[in-house]
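The following exercises ask the reader to work through a structure step by step. Each task is followed by its solution.

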Amino acid sequence: MLKYLVQRLVAAVPVLLMVAVLVFLILQLSPGDPAAIIAGDNATDKDLAQIRQSLGLDRSLVAQFGIWAGNVLQGDLGYSFFQRKSVTELIFQRIEPTLSLALGTLALALIVALPLGTIAAWRMGGWLDRALTCFSVAGFAIPVFVVGYILIYFFSVRFELLPIQGYHRLNGWADLWPWASRLILPWLALGMVYVALIARITRASVSEALTEDYVRTARAKGLGESVVLIRHALANAAVPIVTIVGIGVASLISGVVVTETVFAIPGLGSLTVDAVLNRDFPVIQGLVLFFGVSYVAINLIVDLSYLFFDPRIRY
Amino acid sequence: MSTFRRLWRNLTFRFGMIFLVMLTCVALAAPFLGTVDPAVLDYSLINRPAGERVDFALPGGVTVPHTLWMGSDAYGRDIYSRVIYGARISLLVAFFVASVAVIVGVILGVLAGFFRGLDSLIMRTMDALMAFPSILLAIALVAALGATLWTVIVAVAVPEIPRVVRLVRSMVLSLREEPFVEAAIALATPTSTILRKHVMPNAMAPLIVQGTFIAASAVLTEAALSFLGLGLPADIPTWGNIMAEGRVQFSQYPGNVLFPALFLVPTILAINLLGDGMRDVLDPKFSKRTA
């Protein structure tokens with residue numbers, strides 16, 4: 001198993017290197033001049049040259065990439081052009097809201113989707129099954145920002161049940177409700193696609209498991225229907241479900257960027273949007289690398305979780 | 001029975017098709033549907049409610065009687081006209097993104113599948129592209145290329161390319177083993193002829209289905225980019241741009257965000273249904289292949 005882990009880590013290196021090269025090239029070849037933006041409108045050519053030199057922008061592309069990549073390996077993602085802070089520091093400052101949003105969404109989606117998909121498979125063709133089909137068709141067609149604004153309209157503007165926007169840091173138990181109340185709508189908005197995605201794959205996998213001999217055996221020996229469904233059918237559907245959760249992480253990150261803008265949550269997504277608007281190259285590079293690494297790491301964890309969910313798999 | 005007749009009997013295909021044909025007609029006939037120039041500002045008509053009948057001042061001092069079916073925005077522009085003209089942009093983006101992604105994807109996929117030397121380079125690059133969340137990659141590309149209609153189309157198409165490449169490569173790899181392709185190779189048929197006569201006809205149905213799903217996701221991604229203020233320039237009326245401008249005053253005037261959504265959501269839905277219908281009729285194995 002250790003050998004497998006090492007193999008997977010080694011295999012991830014070229015992908016991440018390619019990710020880094022692509023991001024670096026995309027942003028370096030862009031027409032905007034960050035030195036001009038920092039210097040402002042009244043800068044002289046001499047000021048510009050000085051700023052370029054201090055940022056290393058006068059070096060060759062390969063040299064700039066080499067310096068940047070070398071620093072990244074030491075955990076140094078460079079300095080923001082605008083905020084006078086290191087990119088690592090910025091990411092750590094903004095990570096709590098994003099984690100709260102992403103993990104909460106995932107938890108909510110699993111809590112709703114697993115029972116929904118299982119019951120839909122159990123009573124295939126029933127009203128819940130048909131409702132789920134409609135819901136998943138709608139779930140993929142309604143963008144997260146549309147869902148977000150519809151929720152804001154009803155819950156915050158019309159009935160004033162929840163705060164409209166913003167984020168409350170979670171420092172102790174007293175912060176729990178202020179924190180959660182601002183996140184309920186973002187969780188729901190972002191969770192819709194995941195509920196659709198996970199419920200659909202759960203329904204398909206559980207319905208396949210229900211046709212297996214071991215389910216007939218379990219029923220024949222007199223086990224209750226709920227035990228058959230959870231211990232035998234759902235447990236055997238775990239691998240495809242975990243796989244889809246891993247694949248879904250990429251769209252979860254995309255969704256986080258949009259959701260944070262809708263709900264004015266000061267996380268990594270709004271950091272990304274601001275960085276692009278300001279042409280803050282080091283921050284964009286750092287964030288995209290961070291998201292790329294997260295995606296690869298999460299999918300590695302997913303691969304390893306197969307060992308736990310399906311003991312027949314041995315690496 | 002002709003292919004179209006078979007498709008037409010499929011209800012989801014028929015629904016999607018009817019909606020999209022109607023939307024295309026609306027987009028083409030935009031000037032004749034009681035609209036005014038979507039870019040014109042009338043400062044005396046700021047944030048008017050939906051359905052109000054007003055005299056709209058056009059440039060040059062001309063005033064026309066006009067109904068603000070969806071109200072007006074914070075600059076005094078008619079939202080109804082902007083939404084109707086916005087349909088043109090969404091349909092253009094959908095069509096061209098799908099075309100670019102499918103054409104580039106087919107070229108790369110065929111290269112990877114037929115010429116083994118290029119396989120690992122192409123596929124590793126595709127793996128790297130897939131590690132980017134699609135909106136993040138599109139954002140970075142638009143930031144780099146500058147925001148115009150064509151750069152946005154390229155930026156939205158690039159994240160979709162790996163899906164097409166993987167599909168085409170796997171089809172090429174399995175078709176290579178088929179007796180009719182082996183026979184063609186044994187007869188020293190030029191590779192280009194094998195591709196044209198044997199590979200492409202077999203790959204057509206899944207590609208059309210995949211292209212349709214890409215079109216749906218393109219409409220969504222373009223809207224999301226514009227909504228974030230990182231997509232098409234703000235003076236082009238797109239559904240995402242209208243929502244982005246309406247966002248700042250959403251709690252007072254929710255219509256600016258919700259009216260464009262009434263067009264955006266059914267459009268994505270219709271393209272997806274069209275794709276579902278075509279998949280069921282043309283390519284029943286498709287869902288298993290991509291799963």
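**Exercise 1. A pair within one helix**

A:Arg216 and A:Asp213 both belong to helix α9 (residues 213-220) of chain A, where three residues, about one turn of the helix, separate them; helices here are DSSP runs of H or I with at least four residues, strands are runs of E with at least two, and both are numbered from the N terminus. The model is a predicted one: local features need pLDDT of at least 70, side-chain atom pairs count only at pLDDT 80 or more, and totals for chains, interfaces and linings use all residues. Residues are numbered from 1 along each chain as its sequence is written, chains are lettered from A and ligands numbered from 1 in the order in which they are written, and side-chain values use heavy atoms, with hydrogens and water left out.

Task: State which interaction A:Arg216 forms with A:Asp213, and classify A:Arg216 as buried or exposed.

Step 1. The two residues form a salt bridge, with 3.6 Å between the closest N and O atoms. The rule requires a side-chain nitrogen of Lys or Arg within 4 Å of a carboxyl oxygen of Asp or Glu.

Step 2. A:Arg216 has 59% relative accessibility and therefore counts as exposed. The classes are buried (under 20% relative accessible area), exposed (over 50%) and partly exposed in between, with a 1.4 Å probe and protein chains only.

**Exercise 2. A pair between helices**

Task: Determine which parts of chain B are tied together by B:Glu245 and B:Arg82.

Step 1. A salt bridge joins the side chains of B:Glu245 and B:Arg82 (3.6 Å, N to O).

Step 2. B:Glu245 lies in helix α10 and B:Arg82 in helix α3 (residues 79-114) of chain B, so the pair ties together parts 163 residues apart in sequence.

Step 3. B:Glu245 is buried at a relative accessible area of 19%, and B:Arg82 is buried at 1% relative accessibility.

Step 4. B:Arg77, B:Arg82 and B:Glu245 are linked in a network of salt bridges.

**Exercise 3. The interface**

Task: Describe how chain B meets chain A, and state how many salt bridges cross the interface.

Step 1. Contact (heavy atoms within 4.5 Å) involves 39 residues of chain B and 38 residues of chain A.

Step 2. The rule finds zero salt bridges across this interface.

Step 3. By class, the side of chain B that touches chain A has 31 nonpolar, five polar and three charged residues. Nonpolar covers Ala, Val, Leu, Ile, Met, Phe, Trp, Tyr, Cys and Pro; charged covers Asp, Glu, Lys and Arg; the others, Gly among them, are polar.
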